[in-house]
Amino acid sequence: VVKEKNRMGECPVWEERENALIYVDINAQKICRWSAVNHEVQCVSVDARVSSVALRQCGGYVITLGTRFAFLDWDTQEVTTILELEQDKPSNRFNDGKVDPKGRFFAGTMAEETAPGVRARRQGALYTLFPDLSVIKQLDQVDISNGLDWSLDHRTFFHIDSLAYAVHAFSYDVCTGKIACPRLVYHLEEEERMPDGMCIDVEGKLWVACIDGGRVIRVDPETGKRIQTVRLPTSRITSCCFGGKDYAEMYVTSAYDGLDEATLAKEPQAGEIFKITGLGVKGIPQNFFAA
């Protein structure tokens with residue numbers, strides 16, 4: 001549905017009030033919005049790698065860029081820094097983020113590669129930004145903090161650390177926002193490659209984007225079993241969300257950075273955004289950051 005190619009398309013969020021899909025291109029340092037009405041893409045460029053975007057209750061967005069939490073006013077394109085973290089780790093940046101059921105913004109960090117295939121291990125963390133703009137650290141020693149979501153009963157938090165090749169579940173206290181007691185939900189099979197972004201459907205099943213695996217998979221967190229696979233026409237599948245009318249469609253982002261010329265020739269749709277229909281299951285609306 002979006003032909004404009006993204007170097008590293010990520011963090012798709014359906015914005016019902018605009019009838020649009022908002023997403024980021026991390027490596028191009030921009031936040032983009034695709035209108036489902038006129039199919040046009042508008043973008044706002046920023047001064048650092050922008051890794052996640054979420055809706056604000058009062059309009060506009062909360063974003064992570066570099067190692068900062070910030071607000072973005074779409075109309076003026078103004079970015080207002082809330083807080084800068086991890087200034088002692090110059091090769092770190094934020095990665096994926098999402099708002100919890102009480103309007104808190106969870107987002108994690110990772111170490112960038114210092115050379116192809118070389119990165120410092122366990123440098124990342126997972127943080128929560130509260131509506132009063134205070135921040136707590138929830139997890140430490142994370143490799144690549146990635147996909148995240150909450151169970152329908154709000155008692156479980158799901159999180160991906162990509163280099164663990166797994167989805168983990170934590171007990172989640174909806175009153176305090178605190179997480180505890182990690183357990184393994186699903187370990188990816190070799191052909192599925194590395195887990196990236198993730199979302200949940202109305203049946204409480206998880207959808208995981210498999211970067212370099214060219215697919216999204218549906219996992220039952222109760223049984224720890226994969227129950228569905230949807231293959232896509234390019235390998236670097238980065239994230240997914242439900243949207244559209246009644247949240248019956250799935251939007252999937254991808255990337256072309258990291259592919260050599262031979263692979264790009266075989267995957268001409270690398271970096272595009274796809275829509276999957278006919279899944280037979282719907283998603284749920286995104287939560288709004290409560291500030």
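Reader: How many cavities of 30 Å³ or more does the structure hold?

Author: The structure, which is a predicted model, holds 2 cavities of that volume or more.

Reader: What makes the largest of them a cavity, and which residues line it?

Author: A space is called a cavity when a 1.4 Å probe fits inside but cannot get out, and the largest one found in this way has a volume of about 60 Å³. Its lining is made up of C11, P12, V13, D96, G97, K98, M198, S239, C240, C241 and Q286, and the elements that contribute two or more residues to it are β1, β9 (92–99) and β21 (237–243).

Reader: How do you know which residues of that lining count as charged?

Author: Asp, Glu, Lys and Arg are the types that count as charged, so D96 and K98 of this lining fall into that class. The full division for the largest cavity is 6 nonpolar, 3 polar and 2 charged residues.

Reader: What surrounds the second largest cavity?

Author: The second largest cavity, with a volume of about 40 Å³, is lined by V13, V53, A54, L55, G97, K98, V99, Q286 and N287. Strands β5 (50–55) and β9 each give at least two residues to this lining, which by class has 5 nonpolar, 3 polar and 1 charged residues.

Reader: Why is the space of about 640 Å³ called a pocket rather than a cavity?

Author: The term pocket is used because the set of points is open, with protein on both sides within 12 Å along at least five of seven lines, whereas a probe in a cavity cannot get out. The largest pocket has a volume of about 640 Å³, and of the 25 residues that line it, M8, M110, E113, R119 and R236 are the closest to its centre. Strands β9 and β17 each supply at least two lining residues, with β17 giving the most, namely 3, and the lining divides into 9 nonpolar, 6 polar and 10 charged residues.

Reader: Which residues does the UniProt annotation "binding site" cover?

Author: According to the unreviewed UniProt entry, the annotation covers E10, N146 and D196. Although these residues are spread over 187 residues of sequence, they cluster in space, with a largest C-alpha distance of 10.6 Å, and the lining of the largest pocket includes E10, N146 and D196.

Reader: Why is E10 called buried?

Author: Buried means under 20% relative accessible area, and E10, at 3%, is below that cut-off and therefore counts as buried. E10 is found in strand β1 (residues 9–15), and, leaving aside neighbours within four places in sequence, E10 is in contact with residues including Y23, I26, N146, D196 and T253.

Reader: Is D196 buried or exposed, and how do you know?

Author: With a relative accessible area of 4%, set against the limit of 20%, D196 is buried. D196 has its place in strand β17 (residues 194–200), and among the residues that D196 touches, not counting those up to four places away in sequence, are E10, N146, G147, I160 and T238.

Reader: What makes I26 a buried residue?

Author: The relative accessible area of I26 is 1%, which is under 20%, and I26 is therefore classed as buried. I26 lies in the loop between β2 (20–25) and β3 (30–35), and, residues up to four places away in sequence not being counted, I26 touches M8, E10, R49, V50, S51, R93 and N95.

Definitions and conventions:
Residues are numbered from 1 along each chain as its sequence is written. This is a predicted model: local features need pLDDT of at least 70, side-chain atom pairs count only at pLDDT 80 or more; totals for chains, interfaces and linings use all residues. Side-chain values use heavy atoms; hydrogens and water are left out. UniProt positions are given in the numbering used here, feature names are shortened, and annotations may be inferred rather than shown by experiment. On a 1 Å grid over the protein atoms alone, a cavity is a set of points where a 1.4 Å probe fits but cannot get out, and a pocket is an open set with protein on both sides within 12 Å along at least five of seven lines; lining residues have an atom within 4 Å of a point. Helices (H or I, at least four residues) and strands (E, at least two) are DSSP runs, numbered from the N terminus. Buried means under 20% relative accessible area, exposed over 50%, partly exposed in between (1.4 Å probe, protein chains only). Contact means heavy atoms within 4.5 Å. Grid points are joined across faces, edges and corners, and a volume is the space filled by probe spheres set on the points.
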